[in-house]
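Reader: I am new to looking at protein structures. Could you show me how to read one, feature by feature?

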Amino acid sequence: MDKAYKAALFDLDGVVFDTEPQYSVFWGGECRRYHPEEPGLEHKIKGQTLVQIFDKHFSGELEKEREAITERLYDYEANMNYDYIAGFEKLIASLRERGIKTAVVTSSNNAKMEAVYRKRPEFKLLFDAILTSEDFKESKPSPDCYLTAARRFGLQPADCVVFEDSFNGLRSGRAAGMTVVGLATTNSEDDVAPLSDIVIKDYTNFNI
């Protein structure tokens, strides 16, 4: 990548942490319990906020189940493994050394992030900003979250590169007018490619 970027904006799950397989297990169980008529639903909801998932798939009669699902989710997240995607720590250190701003831009909420901070006390020190679902008016695939991050740094979209794995996230970065690096951690390289400027499997040997 030969452009001089001023900010690197990272989604969280499947981009910073290798957590998507764990979420597939959790949501796979919940979806089979409440929506056995929609096999594979846990893959379709990737990149959506909890509010979006509830609004679309747990309304009406299922609305009364939201509290129990939320409790199970928070318990699950508190015990998840938060392992970094291969090469991420080296990349983030390189970005910071070069004065490139770094931010997490995630659909996760503050409650989820508290679980992250407990497991990874160093996490906050890796980024200049951490933006969660509470910071946006609209969720991915809207570009609002990434445009908000650019404004936080006083930058233009062209100054920013986005790292994403989910289709909603990739569309969000593209709609924001930013360079999009797609990670083939959650979806295949062929599926990610049409929504990305470049596709990588992880950060090993990758540099901006």
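Author: We will go through the sheet, then a pair of helices, then two loop residues. This is a predicted model, where local features need pLDDT of at least 70 and side-chain atom pairs count only at pLDDT 80 or more, while totals for chains, interfaces and linings use all residues. Residues are numbered from 1 along each chain as its sequence is written, and side-chain values use heavy atoms, with hydrogens and water left out.

Reader: Thanks! What is the order of the strands in the sheet?

Author: The general idea comes first: strands of a sheet pair through backbone hydrogen bonds, either parallel or antiparallel. Strands (E, at least two residues) and helices (H or I, at least four) are DSSP runs, numbered from the N terminus, and two strands pair if DSSP finds at least two bridges between them. Here, six strands form an open sheet in the order 3-2-1-4-5-6, with parallel pairing. Strand 3 (129-131) and strand 6 (198-200) are at the edges with a single partner strand each, so one side of each has no neighbour in the sheet. On average, neighbouring strands are turned by 20° against each other, direction ignored.

Reader: How many bridges join strand 1 to strand 2?

Author: Four bridges do, and the two strands run parallel. Leu9 stands opposite Ala103 in strand 2. Strand 1 is also joined to strand 4 by four bridges, again in parallel, and there the bridge partner of Leu9 is Val162. Further along, strand 5 (residues 179-183) pairs with strand 6 over three bridges, with Ile200 in strand 6 as the bridge partner of Leu183.

Reader: Which helix touches strand 1, strand 2, strand 3 and strand 4?

Author: To read this, take contact as heavy atoms within 4.5 Å. Helix 7 (residues 144-152) packs on the sheet and touches those four strands. Its direction makes about 155° with that of strand 3; such angles run from 0 to 180 degrees between N-to-C directions, with axes as lines fitted to C-alpha atoms, for helices over the stretch in contact.

Reader: Are the residues on the two faces of strand 1 buried or exposed?

Author: Buried means under 20% relative accessible area, exposed over 50%, and partly exposed in between (1.4 Å probe, protein chains only). In strand 1, Ala7 and Leu9 on one side and Ala8 and Phe10 on the other are all buried, which leaves both faces covered.

Reader: Now the helices: at what angle do the axes of helix 1 and helix 4 cross?

Author: The axes of helix 1 (residues 20-34) and helix 4 (residues 66-78) cross at roughly 160° and come within 11 Å. That makes the two helices roughly antiparallel, a label for angles over 145 degrees (under 35 is roughly parallel, 65 to 115 roughly perpendicular, the rest oblique). Among the residues that meet are Tyr23, Phe26 and Trp27 in helix 1, and Ile69, Leu73 and Tyr76 in helix 4.

Reader: And where is Gly47?

Author: Gly47 sits in the loop between helix 2 (41-44) and helix 3 (50-57). With a relative accessible area of 22%, Gly47 is partly exposed. Leaving aside neighbours within four places in sequence, Gly47 contacts Gln52, Ser107, Lys140, Ser166 and Asn168.

Reader: What is the relative accessible area of Gln48?

Author: The value for Gln48 is 19%, so this residue counts as buried. Gln48 is found in the loop between helix 2 and helix 3. Not counting residues up to four places away in sequence, Gln48 touches Ile53, Ser107 and Asn168.
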